[in-house]
Amino acid sequence: MRSRIFFKLLAAFVLVIAGTTVTIDFLVRRAWEGSLRQEIERNLNQKTVLFAHRVDTDRTHSLQDIAAQEGQTAGARATIIDPTGKVLADSEAEASLMENHARRKEFIAALQGTLGSDERRSHTLGIPFLYVAAPVSGGAVRLAYPLSDVEAATQRVSRTLLVSSALAFLIAMLIAGIAAQYSARRLRRIVAFADRIAAGDLSARIAETSADEIGQVAAALDKTARMLEESFAALQTSQRQLETLLNSMQDAVIAVGRDGRVQWANRGMDRLVPHRTRLHAPIIETVRDPDFLTAVRGANDGMRVTSARAVSIIPGRTFDVTAAPMPGGGAVAVLRDLTETERVEKTRRDFIANVSHELRTPLTSIQGYTETLLDSAPESNHAREFLEIIRKNATRMSRLTEDLLTLARVESGEQPFDIQPVAPRELLEEAAQSFREIARNQGIDFLVENSAQTLVSADREAIHQVFSNLIDNALKYGGTGCRIVLGARPRERDVEFFVRDSGPGIPFEHLSRLFERFYRVDKARSRESGGTGLGLAIAKHIVLAHGGTIRAESELNHGSTFLFTLPIVHAA
């Protein structure tokens, strides 16, 4: 950290200070030198004008004396020149030995009546001079100021500036070093704080009272760490609550990652397997049931809820498996033990079947003897009325026992089905043929709509019973003048059949329970019509045994539609 932050900051300070020092030194020296030259030139111009005025007005002194006096007074070399460029007098050299000045720039300008100036090295003395010439009657006068003094002064100023810049540079370097060390030390504290946070120490804090940018960064990081600690504590609390909740469940729960390894399991899962669940181990090492593994794989790969029934996890026990995908990949599976439920359900079915079977013989005897008595009873006898009631109720009980036996056989899988490829048109025509005459007698329109040409897998007799139950309900509840439509329409994997009526409809709250045993929407009317309340339940289990689904759609005063599906032949 020291080699990176401290030296980088120090190098930046050095570059800035060095650049600033060089810039200031260059600009100050140039500005001072330019100002000095301007001052010298201005003074020399004034003195040259005075020199010219004296030459024009002084008649008591010779030109040589005037040149000598003016040169001494001005601190410069004084020269008097005639119009041809010949030197008449000079304060520092023999005039007769000096070369002609007719081509000098300042002399040419003076002959033109203006103040002329030029800067060059003197051929006579060999040093640089600033020449200023002014016109006089009969020629021109000139003052020459040696610039060697200016160069010497400039060198002294440059040395002074250099020493001052070096001293300022050293002081600035010291201050920069202190500032860099201070900044580096603050940054090291921030880095150490960040390292503690990265290592999981969310209780770490950084004390920074400065309001500059580094202080603002430290304050932001400190606030972030505080929020992280609070969020992590809330997350841990939520996780503990969730674990407590899942561990209190009787159902087994197991979470599997995207790679097929166990991430978590509740106590119910630990009790279920022979050995405790091994975390981070492949799921197949914990549960080897193929149906369970297929459900988990389907949820993981297909990102959809998958259900299955597992029978080989524990011998003699059946589990309902529901696997759902997790947002980050993987799946969570819930195993519900259905062993006791299925045992109770089988006991119930066996009881109903046995009771129904036992009731068939006495009910048949009651019906037979009642009909015999009716044949011999006089028409006006009150006993005939009672016998008719007995026969009617015996018949109803006989139908009820037959429906219970049928439902028990279908529900338990004991009912054999002769499933063959059948055209939907044939199933519809058979159902319509059985009820067309009854519908005509009741004043009901009976129509068939078929757009399905694909063969379906079905048992003709069983599906005919489904249609019979659905059409019988439509006839009972549709009422005179309604319309009943039988139809079939193709779908992607199956064919959907429907029975639609234009009756009064069914309230929405009853739709979800229509296929339950003995459930009636209008109980009084159902009893009057002689229904057992098992027709829709029988239809449901027959359709489910074919691998289809059944449902009802209805709206009050807009009729009802019962729909069921049968798989097409190639799908089956």
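D494 is buried in this predicted model, because its relative accessible area of 15% falls under the 20% cut-off. The residue belongs to strand 15, which covers residues 494-501. Leaving out residues up to four places away in sequence, D494 touches T565, L566, P567 and I568. D494 is also part of a network of salt bridges with shared partners, together with R489, R491, E496, R551 and E553.

Strand 15 is one of five strands in an open sheet of mixed pairing, ordered 12-14-15-17-16. Strand 12 (445-450) and strand 16 (550-554) are at the edges; each has a single partner strand, so one side of each lacks a neighbour in the sheet. From one strand to the next, the twist averages 15°. Strand 15 pairs with strand 17 (residues 560-567) in the antiparallel sense, over eight bridges. One of the bridge partners is S560 in strand 17, which is matched with D501. Helix 10 (residues 424-441) packs on the sheet and touches strand 12, strand 14 (483-490), strand 15 and strand 17. The direction of helix 10 makes about 175° with that of strand 12.

The largest nonpolar core has 44 residues, and L427, F467, I471, I484, L486, F497 and F564 have the most contacts inside it. Elements that each supply at least two residues include helix 10, strand 14, strand 15 and strand 17. Helix 11 gives the most, with eight residues. Beyond its neighbours within four places in sequence, I471 is in contact with A431, F435, F446, L486 and V499. Another core, of 25 residues, lies apart from this one; I313, A323, A331 and L335 are among its members.

The structure holds 18 salt bridges. Three of them are listed here.

| Pair | Closest N to O |
|---|---|
| R336 and D251 | 3.0 Å |
| D337 and R317 | 2.4 Å |
| R460 and E430 | 2.6 Å |

R336 lies in strand 10 (residues 331-337) and D251 in the loop between helix 5 (213-248) and strand 6 (252-256), so this pair ties together parts 85 residues apart in sequence. R336 is partly exposed at 47% relative accessibility, whereas D251 is buried at 12%.

D337 is also in strand 10, and its partner R317 is in the loop between strand 8 (306-310) and strand 9 (319-325), so the pair ties together parts 20 residues apart in sequence. D337 is partly exposed at 29% relative accessibility, and R317 is partly exposed at 31%.

R460 in helix 11 and E430 in helix 10 are 30 residues apart. R460 is partly exposed at 33% relative accessibility, and E430 is partly exposed at 28%.

Methods. Residues numbered from 1 in each chain as written. Predicted model: local features only at pLDDT ≥ 70, side-chain atom pairs only at ≥ 80, totals over all residues. Heavy atoms only, no water. Helix = DSSP H or I, 4+ residues; strand = E, 2+ residues; numbered from the N terminus. Buried < 20%, exposed > 50% of the residue type's maximum accessible area, 1.4 Å probe, protein only. Contact = heavy atoms within 4.5 Å. Pairing = 2+ DSSP bridges. Axes fitted to C-alpha atoms, helices over the stretch in contact; angles between N-to-C directions. Core = buried A, V, L, I, M, F, W, Y, C linked by side-chain atoms within 4.5 Å. Salt bridge = Lys/Arg side-chain N within 4 Å of Asp/Glu carboxyl O.
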